[in-house]
Amino acid sequence: MGFLDEAKKKLGEAVENAKEFAGDASENIKSFAADAQEKIGEKVDEFKHGDNEEDPEDKV
């Protein structure tokens with residue numbers, strides 16, 4: 001039974017490590033997505049308000 005107990009313990013540790021890794025990855029993805037959404041929103045606002053560097057007369 002020692003081998004099975006040791007294998008069960010190692011599997012439990014692996015599961016816990018995977019859960020921790022997944023949690024960290026999830027937080028990183030959420031942070032990245034929030035940053036990207038903010039930057040996209042800023043660019044949309046720039047174009048809506050004409051804050052881009054191009055002269056509107058150049059588009060005619």
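Start with the whole chain in cartoon view: you'll find one helix and zero strands. Keep in mind as you go that this is a predicted model.

**The whole chain**

Switch on the surface for a moment. The accessible surface comes to about 5,800 Å², and carbon and sulfur atoms account for 57% of that. How many of the residues count as buried? Of the 60 residues in the chain, just 2% do.

**Along the helix**

Now select residues 2–48, which make up helix α1. Show the side chains here, because the next stops are salt bridges, each a side-chain nitrogen of Lys or Arg within 4 Å of a carboxyl oxygen of Asp or Glu. The structure holds three of them. As background, side chains of opposite charge can pair when their charged atoms come close.

**Stop one: E16 and K19**

Pick E16 and K19. Their side chains form a salt bridge, with N to O at 3.8 Å. Where do E16 and K19 sit relative to each other in helix α1? They are three residues apart, so about one helical turn separates them. Turn the surface back on around this pair: E16 has 47% relative accessibility and counts as partly exposed, while K19, at 54%, counts as exposed.

**Stop two: E27 and K30**

Move along to E27 and K30, another salt-bridged pair, at 3.9 Å from N to O. Both residues belong to helix α1, and a spacing of three residues puts about one turn of the helix between them. Is K30 buried or exposed? With a relative accessibility of 52%, K30 counts as exposed. Its partner E27 has a relative accessible area of 47%, which means partly exposed.

**Stop three: K43 and E46**

Next, select K43 and E46. Here the salt bridge runs 3.7 Å from N to O. Once more you're in helix α1, looking at two residues that are three apart, about one turn. K43 is partly exposed, with a relative accessible area of 46%. E46 also falls in the partly exposed class, at 28% relative accessibility.

**Last stop: a charged patch**

Finally, select D35, E38, E42 and D45 together and colour the surface by charge. Which charge gathers here? These residues form a patch of negative charge on the surface. To get your bearings, centre on E38, which is placed in helix α1. None of the patch members takes part in a salt bridge, because residues with a salt bridge are left out of patches.

Note on methods
Residues numbered from 1 in each chain as written. Predicted model: local features only at pLDDT ≥ 70, side-chain atom pairs only at ≥ 80, totals over all residues. Heavy atoms only, no water. Patch = residues over 30% accessible without salt bridge, like charges linked within 9 Å, V, L, I, M, F, W, Y side chains within 5 Å. Areas by Shrake-Rupley, 256 points an atom, 1.4 Å probe, with all protein chains shown as cover. Lys, Arg positive; Asp, Glu negative; His and termini not counted. Charge placed at Lys NZ, Arg CZ, Asp CG, Glu CD. Helix = DSSP H or I, 4+ residues; strand = E, 2+ residues; numbered from the N terminus. Buried < 20%, exposed > 50% of the residue type's maximum accessible area, 1.4 Å probe, protein only.
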